[in-house]
Amino acid sequence: MTIATLPTLEETRRAMGIPSTDEVRGQRDAVGYAATPEGMRKAWQLSAEPPMPEAFGAEVAPGVLGVIGPHDDYICTARVYRRVFPLVTARTVILVGVFHGYRRFGIRDRLVLDPYRAWRSPDGEIPVSSLRDQLAAALPAGMAMKDAAAHDSEHSLEGIAYFMRHARPELEIVPILVPAASFERFEAMAHALGAALAASIGARDWRLGRDVAIVISTDGTHYGEDFAYAPYGAGGVAALEKARAHDRELMRETMSGPLHAAAARRFLETVVDPADPDRYRVTWCGRFSVTFGMLLLEAAARSLGLPPPRGIPLALGVSVDTPELALRDCGIAPTAAANLYHFVTHPAAAFV
């Protein structure tokens, strides 16, 4: 890819549902997520109504150090959002997001920050914390960059941010997109950012979990022949059950118990070829955000002198396992098909 073919800021903003300004990040997806206060209020209300997604049986109190949760459309996923994101009660949240378009932008091996003062949401602006620039300044050269077009092109953080802002109006965020890298590069970036975050926490007299938390965005397996992933057949109930069982086992193996680098490595090597991270083994779009986010949480805790955070799987929804929420009258609708031949899993886990 040459520089001339890279997406421009103008092109990217034209594709947004609500374009950004130079100061405020707009909204990429104004269909899958709420764009109005009424839509957000109804999505929040209906997300608490049964049937609930398949749970692991664990109960976790609010005030967690971090979570892993989905970013799929509210209409099929908000019940999982409600299960996990309200557990985060810190005012300042490090949002670790999927960068779906990293190849188009030619960005690898470094973290992508945004340059905005705030993000819009259906309920009002979400300030970007001053912590962002403090952390960026502490990182080694070449480890991070700011790119408005990259963030404007990406939807993996906005739906989560809006949902959390609705519950906690005082929310402020540090949005980070994670492109492809080797495991060793993810470790180096996580160690550097974790140390910088720990230093900032100490300087501000904050506590991890009470004042700042880490939220990791991912959707799980994307199943179907149009996803080029159908190891259990073209689809149907049996394929769904096998894909869900695989993801539940992956969560138990990598997101349960004391968090160590080995768990993050096991997760990455399960979902991609470690010799070629661009190549999926299992189609988790959050293959890089989950790997980096878990390493970051472990590194920050270690730099603060805390024991390893403990992972607790909470739920695993699927885009077809519960009825869609009645949100179409608010302008909220699916952005992709959801059926037994084209479905996505929605993992949720907490770290305490």
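Select R244 first: in this predicted model its relative accessibility is 11%, so R244 counts as buried, the limit for that class being under 20%. Now add D321 to the selection, and the two side chains can be seen to meet in a salt bridge, with 3.7 Å from N to O. The pair links distant parts of the chain, since R244 sits in helix 9 (residues 237–254), whereas D321 belongs to the loop between strand 14 (310–318) and strand 15 (343–351), 77 residues apart. D321 has a relative accessibility of 27% and therefore counts as partly exposed. Extend the selection to E54, E241 and R248, which together with R244 and D321 are linked in a network of salt bridges.

Next, go to E158 and R25, which form a salt bridge whose closest N and O atoms are 2.3 Å apart. E158 lies in helix 7 (residues 158–167) and R25 in strand 1, so this contact ties together parts of the chain that are 133 residues apart in sequence. Both E158 and R25 are buried.

For another setting, select D276 and R279, a salt bridge in which the closest N and O atoms are 3.6 Å apart. D276 is partly exposed, with a relative accessible area of 27%, while R279, at 51% relative accessibility, counts as exposed because the limit for that class is over 50%. The count for the model comes to 23 salt bridges.

From R25 the tour can follow strand 1 into a sheet. Show strand 1 (24–25) and strand 6 (126–127), the edge strands, each of which pairs on one side only. They belong to an open sheet of three strands with the order 1-5-6 and mixed pairing. Strand 5 (residues 118–119) is joined to strand 6 by two bridges, and these two strands run antiparallel. To place one of the residues involved, pick W119, whose bridge partner in strand 6 is I126.

Turn now to the aromatic side chains, where the count comes to 13 aromatic pairs. Select Y74 and F163: their ring centres are 6.1 Å apart and their planes stand at 65 degrees, so the pair is edge-to-face. Y74 is in helix 3 (residues 74–84) and F163 in helix 7, so the pair ties together parts that are 89 residues apart in sequence. Y74, at 0% relative accessibility, counts as buried, and F163 is likewise buried, with a relative accessible area of 1%. Adding Y33, W44, Y81 and F85 to the view completes a cluster in which ring pairs link these residues with Y74 and F163.

A further aromatic stop is F267 with W284, whose ring centres are 5.3 Å apart and whose planes are at 80 degrees, so that this pair too is edge-to-face. F267 lies in helix 10 (residues 261–271) and W284 in the loop between strand 13 (276–280) and helix 11 (287–303), 17 residues apart. F267 is buried, with a relative accessible area of 0%, and W284 is buried with a relative accessible area of 0% as well.

Finish at the largest pocket, by selecting D72, D73, T335, A336 and V344, which lie nearest its centre among the 20 residues of the lining. About 310 Å³ of space lies in this pocket. By class, its lining has nine nonpolar, seven polar and four charged residues.

Conventions. Residues are numbered from 1 along each chain as its sequence is written. This is a predicted model: local features need pLDDT of at least 70, side-chain atom pairs count only at pLDDT 80 or more; totals for chains, interfaces and linings use all residues. Side-chain values use heavy atoms; hydrogens and water are left out. Two strands pair if DSSP finds at least two bridges between them. Helices (H or I, at least four residues) and strands (E, at least two) are DSSP runs, numbered from the N terminus. On a 1 Å grid over the protein atoms alone, a cavity is a set of points where a 1.4 Å probe fits but cannot get out, and a pocket is an open set with protein on both sides within 12 Å along at least five of seven lines; lining residues have an atom within 4 Å of a point. Grid points are joined across faces, edges and corners, and a volume is the space filled by probe spheres set on the points. Ala, Val, Leu, Ile, Met, Phe, Trp, Tyr, Cys and Pro count as nonpolar, Asp, Glu, Lys and Arg as charged, and the others, Gly among them, as polar. A salt bridge is a side-chain nitrogen of Lys or Arg within 4 Å of a carboxyl oxygen of Asp or Glu. Buried means under 20% relative accessible area, exposed over 50%, partly exposed in between (1.4 Å probe, protein chains only). Rings of Phe, Tyr and Trp (its six-membered ring) pair if their centres lie within 6.5 Å; planes under 30 degrees apart count as stacked, over 60 as edge-to-face and the rest as tilted.
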